[in-house]
Amino acid sequence: VTLSVAPQRWRAGGPDDVASGRGSTRALVPVSAGELPHPSPASLRGLDWFVFFVANVQTGFGPFVSVYLTSMAWTQVDIGIVLSLGGLVSLFGQMPGGAIVDAVHSERFAAAVAVALVGLSALGFALWPFYVAVLGASVLHAAASCVLGPAMAAISLGLVGHGGLSDRLGRNARFAAIGNGLAAAAMGAVGYWISNRAVFVVTAVLLVPALIALAFVRPGEVDPERAHGGQAERPPERPLAKLRPSDRLWPLLIFSASFMLFQLANSALLPLMGSVLTMRSGRWASVLIAAAIVVPQLFVALISPWVGRRAQSWGRRPLLLLGFAVLPIRGVLFAVIHDPNVLVVVQLLDGISAAVFGVLVPLVIADVTRGTGHFNLALGIAGTAIGVGASVSTTLAGWVTDHFGSSTAFLVLAAIAATGLACIALLMPETRPADAPAPPERGGAAVAKT
Amino acid sequence: VAAAVAALMIVAATMAADARRHRHSQPAPQPVAPAGPAAAIAAVPPPEPAPPPRAEAGKAGAVAITFDVQNVQAVLGKDVRSSTDEDMGRLVDVVVDRAGQPRAAVIDFGGFLGVGSRKIAVDWTALNFARGAAKGIITVEFTRDQVKAAPEFKEGSPVVVLGALGGQQAQQPPPQSPPQSQDK
């Protein structure tokens, strides 16, 4: 079976290849050369667990770093510097990270190195809680994560190809969500009963099963050509040349901008809601916040395979609209509801958005970069936009809360989310390839179950 | 000669720095310039339990003072618990007045894995450093339900301090510019 993507690719690559004078023959080489990917069950299961353990490892970082350093008698100023530096690196490292993954020939190796470095930085946090060491560990973690994210997406695409990607991403999102939820619960318990330091020791130890799981992914089945979203090529004469044609760049820009608005609204919602819970429900606040973190993850685990299947049968747009529509509703509900227990129930809605986010970000990027060899770079571009939204979000919400109260802050975030929804509704084209019709329901499920 | 002069200057500067540092620890603290938030965390012993420290006269006017570990402790990052043994968070900063007297402790309160925690200021006199000292714990005379609604502590904005019931703050000498305080 030859996937009929050649005309599309020709159109995309044509003008630039003529300009460069040497690419035109390359453009005639069929992308998938008739071979459909046949990933073995061992590889697919290896990827499942790799995604799971990576989610475990990543849970200890984030807001918990601040708790840990506080317990190590760090001043708030120093903690702020460490977090800001890590944030900056993870923002500006997204695109280089994606480009690195596009350039390597073994996504598996890149992922192994990245996850090892993340584990190492956790060990650094645990063993040497001194200024320079922690600063270094924080930078190392941020940089490694910039490679790790795209590398996992690339392994997925390299294993199953564009045809099976939506199912695969649904499965990835399920295992990531289970990993996040379990790790948050377990690390909360470790931090409470043992010590905050032990959390980072556990994090570092989880590196071992992550690497073992990755070893089950057979290297021969991860086609680097597929993993980069198209033909394997020498470094392009003009970087981004293949991304430039407007039929690809426009959806990528709209998509990135919409998800920037999404994260601008979304990132601050949970912390803000958590601090409202702390304010309203003294004794049970920590338990409620734990529930607000863990339970939506279980919900994501439940529905993301469904999201992956529907992305193929319904197309991307309906699901994007669903994920974006839930967000302003959640913001408004947070603003008007005062019962702490009901707030936690509303937080369940986050599961819908998170499942859509987890599956459709890599999926749509794979759609628009098909045949360019720049899948991971484009992931990095979208990741940077999303990261900007996320980092501004907390500051914005904090400022609004200080001046106008938390209800206003929730409403402002809801308004931003509504703008993102409008962006998707009015400007975002459907990106499901026309040449990939909905696979039969059974077939899709079978791939997911292997 | 130049080297000798330079060496002398370094010695003098070091001694001056030592003298500055130890002035905090002397029984009758003198007004000092307002210190930055990080510097304010220096081990200023609470004024009430003041066992006579052993002072040894230094050679050139600097005084070295030794405290027993039973009598003093560093407080940054210590666990704070309520009198009913609820987890109240950690002490992350100390608010001092212009005389260098501690007025409030900033506690990072609540949350799970760092999500949803809030920094609140509680009156310094509401803290008890003796009760849990052996376990490295500071106790506070509030419960979680009492402090949950306290406004967030922000550097640069007026500090709202949760005071102990019974107006214990009156025992503090009125400083030049008292931090705005408010009883629960």
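Here's a quick tour of a few spots in chain A, from a covered helix to a greasy patch on the surface. Keep in mind that this is a predicted model. Start with helix α4 of chain A, residues 63-71, which is mostly covered. Then head to the nonpolar surface patch of about 770 Å² that includes L127(A).

**The covered helix, α4(A)**
- Eight of the nine residues in this helix are buried.
- The buried set is made up of F64(A), V65(A), S66(A), V67(A), Y68(A), L69(A), T70(A) and S71(A).
- Within chain A, these buried residues pack against α5 (76-92), α7, α8 (131-193) and α9 (196-205).
- Chain B joins in too, as β4 (87-96) of that chain also packs against the buried residues of α4(A).
- Right after the helix comes A73(A), which takes a positive phi of about 65 degrees.

**A glycine in α5(A)**
- G80(A) sits in helix α5 of chain A.
- With a relative accessible area of 29%, G80(A) is partly exposed, because buried means under 20% and exposed means over 50%.
- Between G80(A) and S66(A) there are 8.2 Å in space, C-alpha to C-alpha, and the two are 14 residues apart in sequence.
- S66(A), for its part, is one of the buried residues of α4(A).

**The nonpolar patch**
- F109(A), V113(A), L117(A), L120(A), L123(A), L127(A), W128(A) and F130(A) make this patch on the surface.
- L127(A) belongs to helix α7 of chain A, which covers residues 107-127.
- Its relative accessibility is 44%, so L127(A) counts as partly exposed.
- Helix α7 also turns up among the elements that the buried residues of α4(A) pack against.

Conventions:
Residues are numbered from 1 along each chain as its sequence is written. Chains are lettered from A and ligands numbered from 1 in the order in which they are written. This is a predicted model: local features need pLDDT of at least 70, side-chain atom pairs count only at pLDDT 80 or more; totals for chains, interfaces and linings use all residues. Side-chain values use heavy atoms; hydrogens and water are left out. Patches are made of residues with over 30% relative accessible area and no salt bridge: like charges are joined within 9 Å, nonpolar side chains (Val, Leu, Ile, Met, Phe, Trp, Tyr) within 5 Å. Accessible areas come from the Shrake-Rupley method with a 1.4 Å probe; for residues, only the protein chains shown count as cover. A salt bridge is a side-chain nitrogen of Lys or Arg within 4 Å of a carboxyl oxygen of Asp or Glu. Helices (H or I, at least four residues) and strands (E, at least two) are DSSP runs, numbered from the N terminus. Buried means under 20% relative accessible area, exposed over 50%, partly exposed in between (1.4 Å probe, protein chains only). Contact means heavy atoms within 4.5 Å.
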